[in-house]
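Colleague: I would like a close look at one part of this protein. Please take me through the sheet and the packing around it, in short steps.

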Amino acid sequence: MITFQGDLSTECKKKMLKEETKLSIVVFGIMGLLLCIPAVILAILVWPYFWVAVAVILFIVPLSFFPAPKKDWPKQFPTKVIIGEEELESVGDDWEDYRSMENVKCVLDYGNWYFITFNYPHKSRTFICQKDLIKEGTIEEFESLFSGKIIKKQK
């Protein structure tokens, strides 16, 4: 068993929030577009008050461009990640997340930390393992456990 426990570094949190913000921009952008098109058509053809819906959508979508406030960071990031032979567990302040080892897609190595990704539909953004927070096991054990799945990334 390999255990990472403690508070993630600010650098790690900022990078992961940046990735999360990119994802939300894409998701909310697509959803906004999919909702805006029918609202515009309905506003032109049926009822002009649908322009209010268009305005609301166009107001809400840009809100996804902003990351979560710093006071909410503790709720988003894990304080403990446990990697067993068959199961992975990520624990936060008031949540727990479990995944099977067979669903691991790859492990992204950002230098000072790892981010474990999973195959669809088992996605999770909570399996972040900072190297200097290892409490049980070794980095060598971690890398041998995920050999062939580790991809080096730029910081």
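Modeller: Here is a walk through the sheet, the core beside it and two cysteines.

This is a predicted model, in which local features need pLDDT of at least 70, side-chain atom pairs count only at pLDDT 80 or more, and totals for chains, interfaces and linings use all residues. Residues are numbered from 1 along each chain as its sequence is written, and side-chain values use heavy atoms, with hydrogens and water left out.

Start with the sheet. Four strands form an open sheet, in the order β7-β6-β5-β9, and the pairing is mixed. Helices (H or I, at least four residues) and strands (E, at least two) are DSSP runs, numbered from the N terminus. Two strands pair if DSSP finds at least two bridges between them. The edge strands are β7 and β9 (150-152), and each pairs on one side only. From one strand to the next, the twist averages 25°. Angles here run from 0 to 180 degrees between N-to-C directions; axes are lines fitted to C-alpha atoms, for helices over the stretch in contact.

Look at one pair. β5 and β9 run in the parallel sense, over three bridges. Valine 107 has isoleucine 150 of β9 as its bridge partner. Helix α1 (residues 10-45) packs on the sheet and touches β6 and β7. Contact means heavy atoms within 4.5 Å. The direction of α1 makes about 30° with that of β6.

Now the core. The largest nonpolar core has 16 residues. Such a core is a set of buried Ala, Val, Leu, Ile, Met, Phe, Trp, Tyr and Cys residues joined through side-chain atoms within 4.5 Å. Buried means under 20% relative accessible area, exposed over 50%, and partly exposed in between (1.4 Å probe, protein chains only). Those with the most contacts inside the core are Ile83, Leu88, Ile116, Phe142 and Phe146. The elements that give two or more residues to this core are β1 (2-5), β2 (80-83), β5 (104-109), β6 and α4 (139-145). The largest share, three residues, comes from β6. Phenylalanine 142 touches Ile2, Phe4, Ile83, Val107, Tyr114, Ile116 and Cys129, not counting residues up to four places away in sequence. In soluble globular proteins, nonpolar side chains tend to be buried together.

β1 and β2 also pair with each other, in the antiparallel sense over four bridges. There, phenylalanine 4 stands opposite valine 81 in β2.

Back to the edge strand β7. Glutamine 130 is found in this strand. Its relative accessibility is 5%, so glutamine 130 counts as buried. The side chains of glutamine 130 and aspartate 132 are joined by a polar contact of 2.7 Å. A polar contact is a pair of N or O atoms within 3.5 Å; within protein, one must be able to donate a hydrogen and the other to accept it, and residues adjacent in sequence count only if both atoms are side-chain atoms. Among the residues that glutamine 130 touches are Phe4, Cys12 and Trp113.

Last, the cysteines. The structure holds zero disulfides (pairs of cysteine sulfur atoms within 2.5 Å). Why is cysteine 129 not bonded to cysteine 12? Their sulfurs are 9.5 Å apart, which is too far for a bond. Cysteine 12 counts as buried because its relative accessibility is 0%. Cysteine 129 is at 0% relative accessibility, so cysteine 129 counts as buried.
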